[in-house]
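Me: I'd like to learn how to read a ligand site and a nonpolar core. Could you walk me through them?
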Amino acid sequence: MKNVFCIGELLIDFVAEKQGSNLSKATDFTKKAGGAPANVASAIAKLGGKSFFIGCVGKDPFGTFLINTLTEGQVDVTLAQRSDTFTTLAFVSLTADGERDFVFSRGADKELTHDHRLKNLFKNQIVHFGAATSFLGGSLEEAYTLYLQEAIAHNSFISFDPNFRADLWKGTEAIFVQKCIPFIEKSHLCKFSMEEAQLLSGKENLEEACTFLHNLGSKIITVTLGGEGTYLSTPTVKKIIPSIKVSPIDTTGAGDAFIGCLLKQIALTTNLDTLMAHPGPLENMVQQANKAGAITTTNYGAIESLPTQEQLNQL
Ligand code: ATP
């Protein structure tokens with residue numbers, strides 16, 4: 001089984017206790033571990049895969065809590081870094097329609113530095129780039145580019161989830177698109193939401209958007225469509241794989257559970273060149289990943305709601 005290296009942010013989500021109000025009204029918050037790449041690493045580990053988290057947290061008690069949370073979840077944190085800057089904090093509230101209202105105070109996540117000793121670890125392994133904050137400056141942004149180059153040089157299977165956050169890129173969406181392009185060009189697998197596929201391609205129509213993104217370089221594309229399922233686009237397969245019917249209460253982390261489950265299955269694939277040439281088995285893998293996403297929506301929180309392999313098998 002291949003190792004999966006997940007690079008990006010790990011932060012504290014302070015989640016408003018009272019559902020259905022926005023942050024301006026919220027008074028009580030619960031502390032949770034968050035950050036998309038950290039969720040993905042946790043999803044893989046919970047399903048029995050081997051994942052590493054590469055990111056930076058503060059040397060403060062919040063950083064300790066985050067590192068402990070990943071460690072308890074069997075994620076390998078030996079490559080994580082800690083800095084003197086405070087741990088990044090996000091404040092999140094679920095509004096009445098189930099959407100997220102959030103603001104964040106950026107700290108240590110931006111200080112991830114490139115560690116050239118890691119490059120040999122990437123050899124023939126899987127490297128997942130999925131940070132929502134990776135293109136917001138700091139040494140993290142530079143490290144991201146250098147790790148991409150190392151992943152390419154070491155024949156890694158490269159996975160990319162842009163994790164676009166509209167609040168962070170108001171009026172500068174075109175810059176975000178430009179920064180994503182080198183990752184789309186080099187990725188074997190891209191995971192987009194519908195909004196991201198449209199933004200990155202400039203096309204409204206899903207099939208046209210995927211054609212555009214394939215032409216940039218991405219070989220396998222999954223577009224997650226919430227309760228409708230996932231659109232899988234490869235050179236030979238273009239179809240929606242329907243989701244599993246559940247009663248969702250919190251969709252936080254569904255996308256991360258989805259891509260984590262998909263990467264865990266890819267990590268078990270002995271010959272990735274064969275999978276790239278004949279992507280038929282991906283349909284079944286996406287079906288499994290849809291289950292992981294669906295289960296995650298049936299509980300509050302991200303890491304707490306991730307499924308075990310047993311739960312997937314039972315569904
Ligand atoms: P995130 O907001 O965590 O980044 P996302 O927008 O990338 O998530 P979603 O489309 O919300 O991802 O969910 C990912 C996958 O989880 C979907 O493709 C689907 O398989 C499953 N899923 C999400 N919502 C539901 C739902 N309401 N019912 C069933 N399955 C769901």
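Me: Which element gives the most residues to the shell around the ligand?

Reply: Happy to help! This is a predicted model, where local features need pLDDT of at least 70, side-chain atom pairs count only at pLDDT 80 or more, and totals for chains, interfaces and linings use all residues. Residues are numbered from 1 along each chain as its sequence is written, and side-chain values use heavy atoms, leaving out hydrogens and water. Helices (H or I, at least four residues) and strands (E, at least two) are DSSP runs numbered from the N terminus. Here H9 gives the most to the shell, with three residues.

Me: Which residues of the shell are closest to the ligand?

Reply: A residue is near the ligand if one of its heavy atoms lies within 4 Å of it. Of the 20 residues around the ligand, the closest are Arg100, Lys191, Gly226, Thr230 and Asn290.

Me: Which atoms of glycine 226 and threonine 230 face a ligand oxygen?

Reply: Look for polar contacts, pairs of N or O atoms within 3.5 Å; within protein, one must be able to donate a hydrogen and the other to accept it, and residues adjacent in sequence count only if both atoms are side-chain atoms. For glycine 226, a polar backbone atom is 2.7 Å from a ligand oxygen. For threonine 230, a side-chain N or O atom is 2.9 Å from a ligand oxygen.

Me: Which helix supplies the largest share of the largest nonpolar core?

Reply: Such a core joins buried (under 20% relative accessible area, 1.4 Å probe, protein chains only) Ala, Val, Leu, Ile, Met, Phe, Trp, Tyr and Cys residues through side-chain atoms within 4.5 Å. Leu189 and Leu262 are among the members touching the most others in this 49-residue core. Its largest share, eight residues, comes from H7.

Note on methods
Buried < 20%, exposed > 50% of the residue type's maximum accessible area, 1.4 Å probe, protein only.
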